[in-house]
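Trainee: Could you take a close look at one part of this protein for me? I'd like to walk through the small sheet and the loops around it, strand by strand.

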Amino acid sequence: MASARLHPRTIESVKERVDIVDVVGEHVVLKKKGKEYVGICPFHDDSKPSMSVIPGKQFYYCFSCGAGGNAIKFLMEFQRQSFSDVVLELAKKYQVPIDTVEGPQQERLKQQISRRDTLYRVLKLATGWFRNQLNSSCGENALNYLKNKRHLSDGTLINFELGFAPDNWDSLLQYFVDVEKVSVETLESAGLIVPRKGGNGFYDRFRNRIIVPIHDRQKRVIGFGGRSLDGSEPKYLNSPETEIFEKGKNLFGLDKSALSIKKKDYAVVVEGYFDVMALHDSGITNVVASLGTALSSNQITLLSRSTDSKKILLNFDSDNAGIRAANRAISEVENLAIQGQLDLRVLQLPSGKDPDEFLKDNSPSEYEALAAKSPLWMDWQIDQSLKDLDLNKSDQFQEAVSNLVTLLGKLPQTAIRTHYLQKVAQRLSGGQGRFALQLEEDLRNQISGQRWHGRSKKYDKPQEVSLRERSEADILFTYIHCPNYRSYIRYELRLRDLDDFAINHHRAIWSTISNIEENKFGSETVEKINRSKDSNNILADIDLIKNLLDNFLINENEHLPKLTPLLEANELRLATLSDPESLIRGALAALEKQKSLKRCRHLIEAWSSQRLETLENCIASLIVQENSEPSNSSDMEQKVISMFEDLNNDAINFQQLYYAERKHILNLDQQRCYK
């Protein structure tokens, strides 16, 4: 639709209603600075906040690349959409009446808005129906659970509009079709009912579950979370994504927490619905939760709009799953935290308790006192890197150093990195001053030589991305279909530092596999297999195809389309498994070679940036030195060589590291002969 077909009064109404901070803040983390806001410009490779957003003038401008304009211009550039498309989206968001020159187009737009309004209405009706069930005889057990086991007050039950889904197949379906006259198509679109496998009818999605409505920031119900009462799996079941419900773009409780977050100027992110409700019940209301998925950068951006300081506390469980969730959340936004755009902290409660458990034995003030002392994300990750390691044992000491080099290498070469280098050197040295200084220098040199991390996108080549994806897929495919090689794959991945898959959907699949195996055998057993091969092949006992499919279907994982090809292999694909070990070795070598190639590019760049002192300069310096301070030594040649090596030490080190890496690549090529 061309912009001329939009009525001028619609365009003007949108311009009057839209807020530049609100629009830009949905896509860029903005931090208040005086009367303006600053952020990382999304239109160029910005290394520091160079974009200013001026609310008074409803204008943004980047002082680095020159991008600037109003809210409509920002969305046109950011989303690469036409003027009319952006205006239409903003009109729908701000509920501005849409007038167009041509009637049929206007009618289609009205139908689209009407369909969304219908979903909001049906979900609101469903909320009331679930609440009525909770307060009826069929919801007696659920109500007792909420009041006596969860210790939630009547006020919290009302505030969060909690309900109950009866233990029947079609109670909700019958009510809405017979009484409210809502079509099954609409109920399915709202995520309330599920088609039967045989295609003969529908049944209620939520059965025998406590129902927790999920609201958007406009306080409209957009979906539900259901907590099982009888121990059936999954324990928590969410609505599927719909036209109005996107899990990665919403946060549970934000509609009730936004004002408190703004007032306290920081937000707490917890794992579960009941953690949020328990904290709210105790008077701590600046709390939200993610919606059954890893916390995303979109959710962090959404949350940061409510706080000027951009202070966010992650309060996840202290078990392995909670630690992984915290690390995933940190990885999503660590660049913003490093650049000072986000004050990211991690709060871990004592004795491994979650907030709900903690508040049963402790006061709200004790929780807030711990929150006030919560460490920065970097300090927390340092603690995790050293956790359970005996630094008196050489192999574990080396593991600690390796972990810390990788972690601190993320920091820019500023006073912040120096601070952390000194801090970890003190910890590693056990307080021995001289040893600490040596360790600090050693860590600094290792970071300088390895800052590329083996994963830095700066040194990626376009063709390597597809090779990485193919190699990772080969490893996962073999892991799933060749059970006897699982311990071998785990050991090799850890040995080569490749167990953090680079492709997003591969990382999600591997994380799910790890969760399945840890739930069956325990995290300590799986970690032991990572470090030393398992001769008993206990991992081979798991039917990964069934477990993965069940897990992804139950949780409605967004990566299900990427998982399916790994599970349903054709004859040609299975034929590649005639020699699994060669396939694994080739895929691992291909991934390791990519790391080495990126390291080589980094070393070449570092090497070329060094200012070399020539032999002639060294000789000239020695002559001046001899004239002013004569020595008895006659070995001038050795002096020249020593001075040359001292002055060019960094460049020589980079050169040696580069050639060592090239030699390693030749060895990897021999392993890749299968590929």
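Mentor: Sure, and let's start in a loop. Leaving aside neighbours within four places in sequence, Ala-67 is in contact with Phe-43, Tyr-60, Tyr-61 and Cys-62. Keep in mind that this is a predicted model. Ala-67 itself is found in the loop between β4 and β5. Is Ala-67 buried or exposed? Its relative accessible area is 18%, so Ala-67 counts as buried, the cut-off being under 20%. There's also a link back along the chain: Ala-67 and His-44 are 23 residues apart in sequence, yet their C-alpha atoms are 9.2 Å apart in space.

Now the sheet. Five strands make it up, in the order β1-β2-β3-β4-β5, with antiparallel pairing, and the sheet is open. At its edges stand β1 (31-33) and β5 (68-69); each has a single partner strand, so one side of each is left without a neighbour in the sheet.

Let's go across from β2. Three bridges hold β2 and β3 together, running antiparallel, and Gly-39 stands opposite Met-51 in β3. In the loop between β2 (36-39) and β3 (51-54) you'll find Ser-50. Ser-50 is buried too, because its relative accessible area is 11%, and the cut-off is under 20%. Its side chain makes a polar contact with the side chain of Asp-46, at 2.7 Å. Setting aside residues up to four places away in sequence, Ser-50 touches Gly-39, Cys-41, His-44, Tyr-61, Cys-62, Phe-63 and Ser-64. So two names come back here: Tyr-61 and Cys-62 are on the contact list of Ser-50, and they are on that of Ala-67 as well.

Next step over: β3 and β4 are joined by four bridges, again antiparallel, and Ser-52 sits opposite Tyr-61 in β4. These two strands form a hairpin with four residues between them, and Gln-58 in the turn has a positive phi of about 50°. Strand β4 (residues 59-62) has two faces worth telling apart: Tyr-60 and Cys-62 are on the covered one, while Phe-59 and Tyr-61 are on the uncovered one.

Then comes the last pair. Two bridges join β4 to β5, also antiparallel, and here Tyr-61 stands opposite Gly-68 in β5. Tyr-61 therefore has a facing residue on either side: Ser-52 in the β3–β4 pairing and Gly-68 in the β4–β5 pairing. The hairpin of β4 and β5 has five residues between the strands, and Gly-66 among its residues takes a positive phi near 85°.

To set this part against the rest: the protein chain comes to 30 helices and 15 strands. Of its 675 residues, 46% count as buried. Among contacts between residues at least 6 apart in sequence, 67% join residues at least 24 apart.

One more place to look is the second largest pocket, with about 1400 Å³ of space. Its lining has 34 residues, and Glu-26, Lys-93, Arg-116, Gln-218 and Arg-220 lie nearest its centre. By kind, the lining divides into 13 nonpolar, seven polar and 14 charged residues. Helices that each supply at least two lining residues include α3 (71-79), α4 (83-93) and α5 (103-134).

Terms used: Residues numbered from 1 in each chain as written. Predicted model: local features only at pLDDT ≥ 70, side-chain atom pairs only at ≥ 80, totals over all residues. Heavy atoms only, no water. 1 Å grid on protein atoms, 1.4 Å probe; cavity = no way out; pocket = protein on both sides within 12 Å on 5 of 7 lines; lining within 4 Å. Points joined across faces, edges and corners; volume = space filled by probe spheres on them. Nonpolar A, V, L, I, M, F, W, Y, C, P; charged D, E, K, R; others polar. Buried < 20%, exposed > 50% of the residue type's maximum accessible area, 1.4 Å probe, protein only. Polar contact = N/O pair within 3.5 Å; in protein donor to acceptor, adjacent residues only side chain to side chain. Contact = heavy atoms within 4.5 Å.
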